[in-house]
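User: I would like to learn how to read a structural model feature by feature. Could you take me through one, giving the general idea before the particular case?

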Amino acid sequence: MKYVFLFLLVQSSFVAFAQHQDKVDFIHGKVAIQIAPKTKTITGSVAYKLKVLQKVDTVFLDAQNINTIEVKLNNKKVETTNNGETIVVYKRLKANKTYTLDITYTANPKQAVYFLGWTDDVAGNEQVWTQGQGKYTSHWLPSFDDMTEKVEYDLDISFNKNYEVIANGALVGTKELDGLRKWSFNMENPMSSYLLAFVIGDYHRKEIVSHTGIPIDLYHYPSDSLLVEPTYRYTKEIFDFFEKEIGVAYPWQNYKQIPVRDFLYAGMENTGTTVFSDSYVMDSIAFTDRNYVNVNAHEMAHQWFGDFVTEVDGSSHWLHEGFATYYALLAEKELFGKEYYYWKLYESAIQLQELSNKNKGEALIDPKASSLTFYEKGAWALHVLKYQIGEESFRKGIQQYLKKYGFKNATIDDFIGEMELVTGYDLGIFRNKWLVDQEFPFDVAKKILIRESEDLNTFFKIQREMMISSMANESIIKRFWNTTKSEMLKAKIIKTYYKSLSQDFLKEIFETKNVVLRQALAVSAGQLPLDLKSEYESLLGDDSYITIEEMLYKLWINYPNERVKYLNKTKGIIGFSNKNIRLLWLSLALLTKDFEPNNTNDYYVELSGYTSPVYSYEVRQLAFQFLEQLIGFSDKNLLDLVDATQHHSWQFRKYTRTLLDQLLEKKEYRDRIGGLRVKLNEEELRYISNKLISE
Ligand SMILES: [Zn+2]
């Protein structure tokens, strides 16, 4: 999976404590469920086929708050208990025999299944989707929290036929039954329970096919057909690159990607069925600023590293996240060039060095390490390993590892053992330095960057000269500037040394017409010199939402007499999916004296309306921020805020809970929120009542 905010150092919270059953092997699971979205109920059955390896008296399944209606073993009722966490079946089972275990159940999952848009009156925004990693599939299906139990699952899902149902495996048929449609999916290979997934909603599908003939389905909302190309750009290239680079065929029958609203992470690599945040659905302009390519490649790489070969437990999490991050970087290197790859390694090295300098460095074998360690230090470790043993050995080792542990589980030691076997190297020193040590060896990383990357070699030279030389800064910069063609190096120079650049030099950069360099100027600028006014104004016409957002604000602040002109120039631009430009524009329009006085009320209504739950939490959060700073909150905003404190996204929940606490410190808001109690639902009331009493 991939976290949205890497810099938050999210702790991996999915260290499983599931019990392992080594005397039975669950081979197949036939799931048939029906979903009632309005009551958030899942009803159905699962039929497991299990092989007994050694005689046992009990068999158990993880089942969080699941009500069992009936449990049958080999078609006969059997003694069971269900304590709300585990279903235990009591029966003496003989070795080397195969049994069937049928469970009929209902569930009202509090997590792992999310129901969106079923209570508002917006047509077409209804969704149901799952998130198994860290949330446990056993909330909606009696299954296995233990990742080492791999089962071949086939899903039947019955639902209203006006929606699309998507799940792991190949769709083998649909059938109309009792006013519902049943979608039947077939898997051919086993997977861990946390990788089971389904998505329901209003979707269209565009099918492409890999070089090797694997169908790749690109799902999108019906209104987003024009965004399919920029959103999914390079999908086939990445897929084909992985099959070639890894050298082991894609392990599953097909591959699907489905955007969903208010997702918990950037993306999640369910088997053959990646679910990702619809904030990555974007147009061509947004593509230059930030795009889905990295997340796309990351989740796809997990199909081998995580789904095909799965960690035994959290202490081998490097095998998932480090590998997915590394292979995604390789895909980006293939698409965007070698220097792009090294700049990303450099940026992550800087972050890791900061962590290390604060004495907060973490070992990759620590199951409680942060995402920065698992992802970025993990990718660095693989880069170094490949360098040390050579590309050919590295690839051979990876192939052996995948072949040996495919559809099974592995530990870091299994991986290292396989690499040593293939290459004949002793990897003890590597293992200690990169996997066991907590410190990030920045000096080693820097040496590698200097040796392998022309850009970084130059950049470190500039840094050094700027520190020790007595020459004028700009003359040092210019000397290097004139010898490089790298856009990324030039952008980095602008961002790092903006204040040392003369107006003449800035003018030259403006004239390059290069969107990336001009964006670096927009981001770095503070005070805008009068002599370059028209140059800075010209940035408002660039094809970059970052540039436009930065400059609309900075121009509005720097040249108060021209505010109307800037607002007119950017009227109607929405920006990213979080509507960054539109929300800024509305706020500035309201703050600009005499700007369209007849429309002021409409603009306020629009801005204020964006806190509503019908919008994605990214939009809502921005709206709360602007309203808080500029205008204050209406009663409806306050109700939306209390609603948001119960949101399933922890980032948004945390933001809105903090904001609510701040408001409650002010008497005016305390009184108003107190007065709104009658309009709150039970859950909201429970949350807020404590706060109103305790203070
Ligand atoms: Zn991941």
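User: Where is the place of Ser608, and which residues does Ser608 touch, not counting residues up to four places away in sequence?

Analyst: This is a predicted model, and a residue can be read by its element, its cover and its neighbours in turn. Ser608 sits in helix H21, which spans residues 600–609. Leaving aside residues up to four places away in sequence, Ser608 touches Leu627, Ser634 and Asn637.

User: Does one call Ser608 buried or exposed?

Analyst: Burial is judged from relative accessible area, and buried means under 20%. Ser608 counts as buried because its relative accessibility is 10%.

User: How should I read a backbone with a positive phi, and where does Asp594 lie?

Analyst: Most residues other than glycine have a negative phi. Asp594, although not a glycine, has a positive phi of about 70°, and it lies in the loop between helix H20 (580–591) and H21. Asp594 counts as exposed, since its relative accessibility is 67%. Ala112 is also not a glycine and has a positive phi, of about 80°; it lies in the loop between strand S8 (98–107) and strand S9 (113–116). With a relative accessible area of 0%, Ala112 is buried.

User: Turning to the metal, what are the protein donors of the zinc ion?

Analyst: One reads a metal site by listing the donor atoms and then placing them along the chain. Here the protein donors are Met1 through both N and O, His298 and His302 each through NE2, and Glu321 through OE, lying 2.0 to 2.5 Å from the zinc ion. Along the chain these donors follow the spacing M-x296-H-x3-H-x18-E. The pair of Met1 and His302 links distant parts of the chain, 301 residues apart, with Met1 in the segment before strand S1 (24–36) and His302 in helix H4 (residues 293–302). Both Met1 and His302 are buried.

User: How many helices and strands are there in the chain, and what does the radius of gyration say about the whole?

Analyst: The chain has 26 helices and 23 strands. For the overall form, one compares the radius of gyration with that expected of a compact globule: for 695 residues the expectation is near 26 Å, and the chain's 28 Å agrees with it. Along the principal axes, the C-alpha atoms fill a box of roughly 85 × 70 × 50 Å. Of the 695 residues, 56% count as buried, and among contacts with a separation of 6 or more, 69% come from residues 24 or more positions apart.

Terms used. Residues numbered from 1 in each chain as written. Predicted model: local features only at pLDDT ≥ 70, side-chain atom pairs only at ≥ 80, totals over all residues. Heavy atoms only, no water. Donors = N, O, S within 2.8 Å, 3.2 Å for Na, K, Ca; no water. Helix = DSSP H or I, 4+ residues; strand = E, 2+ residues; numbered from the N terminus. Buried < 20%, exposed > 50% of the residue type's maximum accessible area, 1.4 Å probe, protein only. Rg over C-alpha atoms; globule rule 2.2 N^0.38 Å. Contact = heavy atoms within 4.5 Å.
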